[in-house]
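Work through the exercises below with the model at hand. Each task is followed by its solution.

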Amino acid sequence: MAKLQMVPLAKEMKKNPELKEADIQSLRDWCQKQPHLPQMTDSELALFLHSNYYRLEPTKNTIDTFYTVRTHVPEFFSNRDPVNAKDLLQMFKVVMNMPLERTTKDGYDVIYGALSDFEPSNYDYTFNMKLFGMVMDLWLYGKGTMKGHVILVDLKGLVIGHVARFSPMALKRFLYYLQEGLPVRLKGFHFVNTNPVMDILMNIMRPFMKKELLDILHLHQSVNAIEEFNIPVDILPNESGGKAGPAKELFAAEVKKLEAHREWFIQEEKTQRIDESKRPGKAKSATDLFGVEGSFKKLEID
């Protein structure tokens with residue numbers, strides 16, 4: 001079993017001159033006064049501080065949101081055993097989520113998603129997001145701070161039947177986590193090979209997206225359109241028109257990495273969650289974060 005090695009603080013400070021020891025110490029002191037939070041390493045504090053462009057108060061909010069969401073959204077963040085969890089083993093056959101080796105021309109790192117099985121009945125959005133979260137964890141914690149992050153999703157194979165597999169509440173929860181909790185500098189959110197089905201999904205997603213996310217969201221009917229955003233097509237897997245190699249081989253390597261870190265995922269769930277009984281002030285619940293689930297109508301697809 002591989003141990004997840006985070007980039008040491010000294011190395012992060014060398015890479016990021018704006019990262020100050022005094023700010024890390026300030027966050028350490030703040031964490032000491034937040035008994036509901038789990039223990040955090042200096043490397044984790046650096047990751048959150050960097051993602052918030054070294055602003056302390058937004059960093060504190062992101063940290064609290066990150067752990068609060070992971071505590072109150074078990075459908076995304078519990079039972080993340082890449083060896084034995086049946087839902088994950090099924091998703092390994094249906095979707096691919098993985099960081100790409102090469103960056104954009106602006107030096108931004110890219111995480112790529114695509115369907116590998118186009119049959120809608122095999123797809124489950126919740127389990128896809130669980131897998132995405134696991135890949136994202138290893139990426140962020142293993143690589144440390146990055147200049148910027150781009151999410152690129154190839155929609156090849158998306159049909160109307162897939163839309164019925166999306167829950168508005170699950171979409172809301174993921175988009176909230178993406179915008180408020182993930183320690184990333186999100187520079188682009190791109191969908192390629194779009195078709196009219198994506199318009200239906202956008203109608204569901206749009207109410208949960210802040211202007212900042214909508215401003216960097218781009219839908220492309222063809223892959224070549226991403227070149228306008230300094231994303232070379234060549235960095236994508238072969239199936240999306242690139243030259244990075246066969247997508248299934250690249251994803252198989254990512255699955256092996258997940259499996260090698262099985263113990264880390266098991267321990268993470270045990271130790272890296274909020275203890276609401278110790279939160280200063282009022283404890284939070286999923287309803288506080290996301291509202292009442294019954295307020296959403298179920299998607300009915302003819």
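**Exercise 1. State the secondary structure content and judge the overall compactness.**

Step 1. The protein has 14 helices and five strands, where helices (H or I, at least four residues) and strands (E, at least two) are DSSP runs numbered from the N terminus.
Step 2. The radius of gyration is 19 Å, close to the 19 Å from the globule rule for 302 residues, so the protein is as compact as a globular protein of that length. The radius is taken over C-alpha atoms, and the rule is 2.2 Å times the number of residues to the power 0.38.
Step 3. The C-alpha trace spans about 50 × 45 × 40 Å along its principal axes.

This is a predicted model, in which local features need pLDDT of at least 70 and side-chain atom pairs pLDDT 80 or more, while totals for chains, interfaces and linings use all residues. Residues are numbered from 1 along each chain as its sequence is written, and side-chain values use heavy atoms, without hydrogens and water.

**Exercise 2. Describe the annotated domain.**

Step 1. An unreviewed UniProt entry places "domain: CRAL-TRIO" at residues 41-248; such annotations may be inferred rather than shown by experiment.
Step 2. Residues 41-248 are 46% helix and 14% strand, with the end C-alpha atoms 34 Å apart.

**Exercise 3. Locate Gly161 and classify its exposure.**

Step 1. Gly161 lies in helix H8, residues 160-163.
Step 2. Its relative accessible area is 27%. Buried means under 20%, exposed over 50% and partly exposed in between (1.4 Å probe, protein chains only), so Gly161 is partly exposed.
Step 3. From Gly161 to Asn195 is 34 residues in sequence and 13 Å in space, C-alpha to C-alpha.
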